[in-house]
Amino acid sequence: MEIVWSHSFQLNGHCMNKKLELVPYEVTVRNPKKTTLVSCSLQNNATSFQLAKNPFEKSSYTHGFLTTKSVMDVSKVNSMVKEYTEDGFFEDAIRVYLDFIEYGFPVEFRFFPCLIKAYGGLCDVSKGKQIHGHLLKFGFLEDVYVKNSLLGMYWKCGAGGDAVEMFERMQERDLVSWNTMISGFCQSGDYVKSLTMFGRMVKERGGECPNRVAYLAALSSCGSIQCLTHGEEIHGFLVKNGLHSDEFLVSGLIEMYMKCGDIKNAENVFERIRDNDLVGRNRVVWNVMILGYVSNECLSLALDLFVEMLELGITPDSPTVVTLLVLCSQLLDLAVGKQIHGLILGLSLDDVRVGTALMQMYFKCGDPETGLQMFRRSQYYNLVMWGSVMSNCAQNGYPNEALQLFGEFMLDYGFPDPVILLAVLRACSFLTLKPRGMEIHGLAIKMGFDSDVFVGGALVDFYGKCGDMKYAQQVFHGLSTRDLVSWNALISGFAQNKCADEALMAFRDMQTEQIKPNTVTMACVLSGCSHLSVMILCKEVHCYLLRHWPETNALVSNSLISAYAKCGDIHSSWTVFEKLPVRDEVSWNSILLALGMHGHTNEMFATFEKMKEANLKPDHGTFTTLLSACSHAGKVDAGWKYFNSMMVDYTLEPRVEQYTCMVDLLGRAGYLNLAYDLIMTVPCSPDDRVWGSLLASCKHHGDTKLAEVVANHIFDLDPSSVGYRVLLANLYEDSGNLKEVSRVRTEIKYMGLKKQPGCSWIEVDNSIHIFVAGDHSHDQSEDIYATIEGLSLEMKRVGYIPQIQTASNDYWA
DNA sequence: GTAGGGTTAG
């Protein structure tokens, strides 16, 4: 086994709504595919981590080794302390020292700088305070080096307060003391205090010029809070002190300007040093410049600069290629991505970050198989990489793989982070795996991440998708902060579960809490309106959109087209469609669906032709819409034409939805055997809806014999199906086979099955009237039934056989 | 002997 590299990293504190300032230690091990946190203690919150112990850990120092082996030489002991600290084995470093003094050797000054660093590595203030006391006891606290080391130790342990307290009490401060404080504030995210400290330093040290360390930290703080004014001020200092060509400070300046979005000034700094033989050829300066362009979305400028860099013979390193891979992921440019991959292989640039970025690039650029392969073949693994692969699988249609990977991950690590929980919840959401997702919820609670805004949002979404709005609301109300995503998850949950009133209520509450809705919110709200089929709501939302969203947006407009159609106002749908400046596939699909739904079949066919003329590619959804409309309009020939065109002209393999439409089309038109044969040739396994459609057609055409065959297929797939048993019973009733009617109905009773009666409603003058079959509770029901009777007579007269539900529904009431 | 630049996941 070989330790490849080791470094410390910061657990992303923001995910937990708490600032985690302590730094765990991470070791990457070559060969065994695991990376494990070796030491990590999170002090400043209640969360306790069960950390997986690295089974491949470098053999540790054995207690008592010094005494038994008589390795007593002071300088040898000192170098052991140093070596262990450098390798990250802080406890061993400390043990060596403790053994040494326990054995009676005199405390020596030269141990301390390194020893204090080891205590810093433990990330445990209480232990850090022990060494502080120890130093006090032996009188080593007068030395400014020791004091500076202690300041650094406190910052590393996340105890900035202790560092500040000590710093303020220091009689004598040197440049390093100040720098430690400025960097300490900066690294723990307290950028304003870092800048304040920088200002104090300049003032209190009587105009003495700060060195590179202070300037770098100050510039980094300016960039992080996008404080251009102070950044420019520091730039001025640097020019005044002749430091503006220092290669470190040049990259610091460029980074600061880029983070502030001031590309012009970043370019000015870069242009000034470009021809400098030393700084102009500094790879980091180029990297910072390219990264700056990428983060400011100047993607082609970034790519140009990279090409120039290659032309000048400056060899890219891993940060360069990682940035370039991110760029490819944003451009969705697989071709360039593959070239970078080639470059990586040529330059042997393999580390965990390169591996992660490469994998991400393949996923984002539409080649998830290679992305997964990259992960499986990687030599390096860490939390980030695991998180990345699971998120990508969950988002790119591989939810089962995401769950499989999660299982493997848990065996290795034993604990997830918020990103991983988010990815797994998405997978469970996608697959509507309620019990599995609830296990994850339990885990999230155990880890203290359930109130995290991201995990919480995903939980709300998950429960919504699983149809459990009670739990979704419970999680939502337990969130400490609710962002747009969590509100959208709640509203979309209500909309999807047909709780349109609640969706609209949540939309109002959201605005009361001053959260600005986005396009996703509006699409969900409109979907709620269409479920209610209440026109006035639809209009209200449309007015809201006109007031608040002057610019048209595809997502929102498409939802509006569908919502108006579902509320019965096809003209408004058409107007919205006509006014769209740019129409995407979804816009065309929405208007086609609207036309089909309203029986405007010929207009729909014409619109489909226009869609093709506009060079938009029909997808599975388009054909489902077309076929479904053909089926309702009885247009068998047109249906066959589209079904074939789908396969021949657009190389779309029909899915179960399109087969269902075709079966429905043939069945309704009376070609029952043809429909049956079609089902038997379906390559994807037919579901109960395909068979159900044929059963309905059998009823319509009175084919009891085929109905029995079809029904058996359905009951094989779903033995508890009630609706289809009722349908079968009604079919027997139609054919006068009362014996069978009673058999099926007894069966339903015996099985304890109940059918939820369906209902219809209509909006008249802003009030909604609801009807169920055989219902006479409406105060105008006599008039209503008389009208139905009149209409049926009229239908019979023109040759239709009306299908009016008779009142015999008492057995399921 | 103390402080010390750039890159990855939702």
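This is a short walk through one chain, from its overall make-up down to a few single residues.

A word of caution to start: the model is predicted. Chain A has 813 residues, and 49% of them count as buried. Its secondary structure comes to 42 helices and five strands. What about contacts along the chain? Take the contacts between residues at least 6 apart in sequence: 59% of those join residues at least 24 apart.

Next, the record. UniProt, in an unreviewed entry, lists "repeat: PPR" for several spans. They are residues 174-204, 282-316, 382-417, 483-517, 584-618 and 619-654. Let me pick out two. Residues 483-517 are 74% helix and 0% strand. The end C-alpha atoms of that span are 10 Å apart. Now residues 584-618: here too we read 74% helix and 0% strand. The end C-alpha atoms of this span lie 10 Å apart.

Now a pair of helices. Two packed helices are described by the angle between their axes and the distance between the axes. Look at helix 5, residues 125-137, and helix 6, residues 144-156. Their axes come within 10 Å and cross at roughly 170°. Are they roughly parallel or antiparallel? An angle over 145 degrees counts as roughly antiparallel, so helix 5 is roughly antiparallel to helix 6. Who makes the contact? On helix 5, the residues are Val125, Gly128, Lys129, Ile131, His132 and Leu135. On helix 6, they are Val146, Leu150, Met153 and Tyr154. Sort the contact by class and you get seven nonpolar, two polar and one charged residues.

On to single residues. First stop, Thr356, in helix 18, which covers residues 352-364. Is Thr356 buried or exposed? Its relative accessibility is 12%, so Thr356 counts as buried. What does Thr356 touch, leaving aside neighbours within four places in sequence? The list is Val384, Met385 and Ser388. Trp386 sits 30 residues from Thr356 along the chain, and their C-alpha atoms are separated by 8.9 Å.

Next stop, Ser573. You will find Ser573 in helix 31, residues 570-579. Ser573 has a relative accessible area of 0%, so it is buried. Beyond four places in sequence, Ser573 is in contact with Ile561, Tyr564, Ala565, Ile591 and Ala594. Look again at Ile561: its backbone oxygen lies 2.8 Å from a polar atom of the Ser573 side chain.

Follow the chain to Asp584. Asp584 is in the loop between helix 31 and helix 32, the latter being 585-597. How accessible is Asp584? The relative area is 26%, so Asp584 is partly exposed. Not counting residues up to four places away in sequence, Asp584 touches Ala554, Asn558 and Leu616. Stay with Asn558. Asp584 and Asn558 are 26 residues apart in sequence, and 9.1 Å apart in space, C-alpha to C-alpha. Their side chains are joined by a polar contact of 3.3 Å.

Last stop, Thr622, in helix 34, residues 620-633. Thr622 is buried, with a relative accessible area of 0%. Set aside neighbours within four places in sequence, and Thr622 is in contact with Asn589, Leu592, Phe608 and Met611.

One point to take home: set Asp584, partly exposed at 26%, beside Thr622, buried at 0%. Go and find both in the structure. Thank you.

Key. Residues are numbered from 1 along each chain as its sequence is written. Chains are lettered from A and ligands numbered from 1 in the order in which they are written. This is a predicted model: local features need pLDDT of at least 70, side-chain atom pairs count only at pLDDT 80 or more; totals for chains, interfaces and linings use all residues. Side-chain values use heavy atoms; hydrogens and water are left out. Helices (H or I, at least four residues) and strands (E, at least two) are DSSP runs, numbered from the N terminus. Buried means under 20% relative accessible area, exposed over 50%, partly exposed in between (1.4 Å probe, protein chains only). Contact means heavy atoms within 4.5 Å. Axes are lines fitted to C-alpha atoms, for helices over the stretch in contact, and angles run from 0 to 180 degrees between N-to-C directions. Angles under 35 degrees count as roughly parallel, over 145 as roughly antiparallel, 65 to 115 as roughly perpendicular and the rest as oblique. Ala, Val, Leu, Ile, Met, Phe, Trp, Tyr, Cys and Pro count as nonpolar, Asp, Glu, Lys and Arg as charged, and the others, Gly among them, as polar. UniProt positions are given in the numbering used here, feature names are shortened, and annotations may be inferred rather than shown by experiment. A polar contact is a pair of N or O atoms within 3.5 Å; within protein, one must be able to donate a hydrogen and the other to accept it, and residues adjacent in sequence count only if both atoms are side-chain atoms.
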